[in-house]
Every structure is written in C-alpha cells, then in structure tokens.
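Here is a short set of exercises to work through with the model open beside you. Try each task before you read its solution.

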Amino acid sequence: MSGVATPVIILNTKAYQESMGEKGLALAKACEEVTKETGVSTVICPQQFDLAWIAHQVSIPCFAQHVDAKDVGSATGWALPESAKAAGAAGSLINHSEHRLTMADIDTLVTRCRALGLTSVVCTNNIQVSAAAASLNPDMIAIEPPELIGTGIPVSRADPDIVRGSVEQVSAINRNVVVLCGAGISTGEDVRAAIELGAKGVLLASGVVKADSPKAALLDLVSGI
Ligand code: G3P
C-alpha cells in the first residue's frame with residue numbers, strides 16, 4: 001500500500017528546459033506551497049540529475065521519473081531503485097511511455113521498490129496493459145494514452161472510456177492498486193472529470209511545467225478535487 005495520500009496530483013517535470021536545475025526546485029516549491037495551503041497531496045518527479053538536491057529541500061514526496069532493473073554494482077549510467085532511495089526519493093514512475101520497459105523489468109522493479117519502501121507508479125497505455133500491470137501489484141497505475149500526451153487535450157474528456165475501463169479492470173484484479181490518469185490534463189475541470197471516472201488523481205507535466213505561473217496552474221488543478 002502506497003504511503004502517498006489520495007487524491008493526488010503528481011507532477012512529472014520530464015526533461016523540459018523549464019524544469020532544469022533551479023527551475024526544477026521552483027516547481028517543487030510551488031507544489032509544496034499548494035499542498036501546505038490546500039491540504040491536497042502533491043508529488044514531484046524532478047529531472048533525474050536534480051532529484052537528490054531537490055528532495056532534500058521540500059517536504060512533499062519526490063519520485064524518480066524512471067528506474068532500471070539493473071543490479072547494484074557494475075551498472076554504469078543506469079538509474080537503480082536503491083540509488084533513488086539513497087538520493088531521497090519516495091517512489092518512482094515505472095514504464096512511462098517515453099521510457100518503456102519489458103514486463104519482466106516492470107515486475108522486478110515493482111518488487112524492488114516495495115522492498116525499499118518506494119511507491120511504485122506503473123504507467124500504462126491502454127486497458128489491457130492496465131490489467132496486466134495490476135497483476136504485478138504496484139502501488140499505483142497511471143493510464144496515459146501516448147497520443148494525448150503534451151496535447152492539452154485531456155484524457156479525462158477525450159477518452160473517458162480508457163479511464164473508466166482501467167479503473168474497472170484494475171479493481172477487479174487487485175483492489176489495492178490506486179488508479180490515476182494522465183495526458184493532456186491542465187485544468188481543475190480536467191481533474192474533476194478524472195475523479196468522476198474513478199481515478200484517484202492525475203499524473204501531468206506540460207500543463208504546469210510550461211505554465212506562465214506554475215503555482216496558479218496547480219491551484220486550478222487542485223480546485224477540481
Ligand atoms: O507523465 C505525464 C505525462 O506523460 C503527461 O504529459 O504534458 O500531457 O501532461 P502532459
């Protein structure tokens with residue numbers, strides 16, 4: 001069971017220019033302020049190189065954007081769950097559509113994350129993959145149709161059936177798994193629609209990272225909860 005309170009807004013800062021270095025810290029601080037002011041749970045996934053120093057400066061959970069199923073030791077350049085934990089991460093995205101993994105690796109990583117006390121968020125692209133991921137017993141599944149990512153067209157309104165179907169299938173297989181949705185989410189109305197479909201929160205990026213005022217964008221998102 002995840003230690004992250006729901007409903008939750010998870011901000012993946014990807015590798016945008018607007019989230020590098022100090023800008024990444026500013027985004028994390030904006031999430032922290034919004035959580036303190038509203039009580040709504042937020043999580044930030046800083047850029048991998050920035051995770052450690054950002055995690056030590058904010059009170060909200062920081063997740064890695066990706067981890068690899070490599071063993072500790074001779075694994076040059078790979079991102080290990082153990083390294084994420086040592087850097088201060090509280091969890092990790094796994095199998096994001098921009099960083100796909102094999103089923104075997106997802107299974108290994110969910111197990112390793114659980115053993116380390118890291119929250120696992122497995123990203124999926126359709127209802128069948130959501131169902132398959134549920135059988136691996138992650139803490140969370142985030143359904144994100146890749147074709148809507150970065151478009152500003154919210155999955156919760158453009159493809160409600162994929163969210164509803166994922167919630168139904170996942171809950172039939174494993175009631176402990178929290179289902180989130182993402183892709184194109186940018187407003188409180190999008191979040192409200194996601195929650196009405198049964199999601200327990202959202203995973204998003206560009207709607208906040210590229211906003212003129214990330215904090216205002218976050219407050220708008222939170223208004224949908
Ligand atoms: O990880 C979140 C993501 O892939 C959705 O991106 O920019 O559509 O919110 P975006």
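**Exercise 1. The overall fold**

Task: Count the helices and strands of the protein, then decide how its radius of gyration sits with that of a compact globule.

Solution. Keep in mind throughout that this is a predicted model.

- Step 1. The secondary structure comprises 10 helices and eight strands.
- Step 2. For 225 residues, a compact globule would have a radius of gyration near 17 Å; the protein has 16 Å, so the two agree.
- Step 3. Along the principal axes, the C-alpha trace spans about 45 × 40 × 30 Å.
- Step 4. Turn to burial: 53% of the 225 residues are buried.
- Step 5. Take the contacts between residues at least 6 apart in sequence: 68% of them join residues at least 24 apart.
- Step 6. Finish at the surface, where the protein exposes about 9,500 Å². Carbon and sulfur atoms supply 53% of that area.

**Exercise 2. The annotated pair**

Task: Which residues does the UniProt annotation "active site" cover, and why can they be said to gather at one spot?

Solution.

- Step 1. The annotation, from an unreviewed UniProt entry, covers H96 and E144.
- Step 2. The two span 49 residues in sequence, yet their C-alpha atoms are no more than 8.7 Å apart, so they gather at one spot.
- Step 3. Now look at the largest pocket: from this set, H96 belongs to its lining.
- Step 4. Place each residue on the chain. H96 is in the loop between β4 (91–94) and α4 (103–116), while E144 is in the loop between β6 (140–143) and α6 (155–158).
- Step 5. Check accessibility against the 20% cut-off for burial. H96 has a relative accessible area of 5%, so H96 is buried. E144 has 4%, so E144 is buried too.
- Step 6. List the contacts, leaving aside residues up to four places away in sequence. H96 is in contact with N12, K14, C123, E144 and I149. E144 touches H96, T124, N125, I149, G182, A183 and L203.
- Step 7. Zoom in on the pair: the side chains of E144 and H96 make a polar contact at 3.3 Å.

**Exercise 3. A helix and its cover**

Task: Which residues of helix α8 are buried, and what covers them?

Solution.

- Step 1. Helix α8 runs over residues 188–196, and its buried residues are G188, D190, V191, A193 and A194.
- Step 2. Their cover includes α6, β7 (178–182), β8 (201–204) and α10 (214–222).
- Step 3. Pick A193 as an example from this helix. Its relative accessible area is 14%, so A193 is buried.
- Step 4. Beyond its neighbours within four places in sequence, A193 touches S156 and R157.
- Step 5. For a wider view, go from A193 to E32: they are 161 residues apart along the chain, with 24 Å between their C-alpha atoms.
- Step 6. Leave the helix at its end: just after α8, G198 takes a positive phi of about 110 degrees.

**Exercise 4. Two loop residues**

Task: Are Q47 and A75 buried or exposed, and what do Q47 and A75 touch?

Solution.

- Step 1. Q47 lies in the loop between β2 (41–45) and α2 (51–55), and A75 in the loop between β3 (63–64) and α3 (81–87).
- Step 2. Q47 has a relative accessible area of 12%, so Q47 is buried. A75 is at 14% and therefore counts as buried.
- Step 3. Again not counting residues up to four places away in sequence, Q47 touches T13, K14, A15, Y16, S19, M20 and Q65. A75 touches K70 and L80.

**Exercise 5. Backbone angles**

Task: Where is the cis peptide bond that involves P7, and what phi values do N137 and A183 take?

Solution.

- Step 1. The cis bond joins T6 and P7, with omega about 0 degrees. P7 is in the segment before β1 (8–12).
- Step 2. N137 is not a glycine, yet its phi is positive, near 60 degrees. N137 sits in the loop between α5 (127–134) and β6, and its relative accessible area of 31% makes N137 partly exposed.
- Step 3. A183, also not a glycine, has a positive phi of about 105 degrees. A183 is in the loop between β7 and α8, where its 6% relative accessible area makes A183 buried.
- Step 4. Link back to the annotated pair: A183 is one of the residues that E144 touches.

Conventions
Residues are numbered from 1 along each chain as its sequence is written. This is a predicted model: local features need pLDDT of at least 70, side-chain atom pairs count only at pLDDT 80 or more; totals for chains, interfaces and linings use all residues. Side-chain values use heavy atoms; hydrogens and water are left out. UniProt positions are given in the numbering used here, feature names are shortened, and annotations may be inferred rather than shown by experiment. On a 1 Å grid over the protein atoms alone, a cavity is a set of points where a 1.4 Å probe fits but cannot get out, and a pocket is an open set with protein on both sides within 12 Å along at least five of seven lines; lining residues have an atom within 4 Å of a point. Helices (H or I, at least four residues) and strands (E, at least two) are DSSP runs, numbered from the N terminus. Buried means under 20% relative accessible area, exposed over 50%, partly exposed in between (1.4 Å probe, protein chains only). Contact means heavy atoms within 4.5 Å. A polar contact is a pair of N or O atoms within 3.5 Å; within protein, one must be able to donate a hydrogen and the other to accept it, and residues adjacent in sequence count only if both atoms are side-chain atoms. The radius of gyration is taken over C-alpha atoms; the globule rule is 2.2 Å times the number of residues to the power 0.38. Accessible areas come from the Shrake-Rupley method with a 1.4 Å probe; for residues, only the protein chains shown count as cover.
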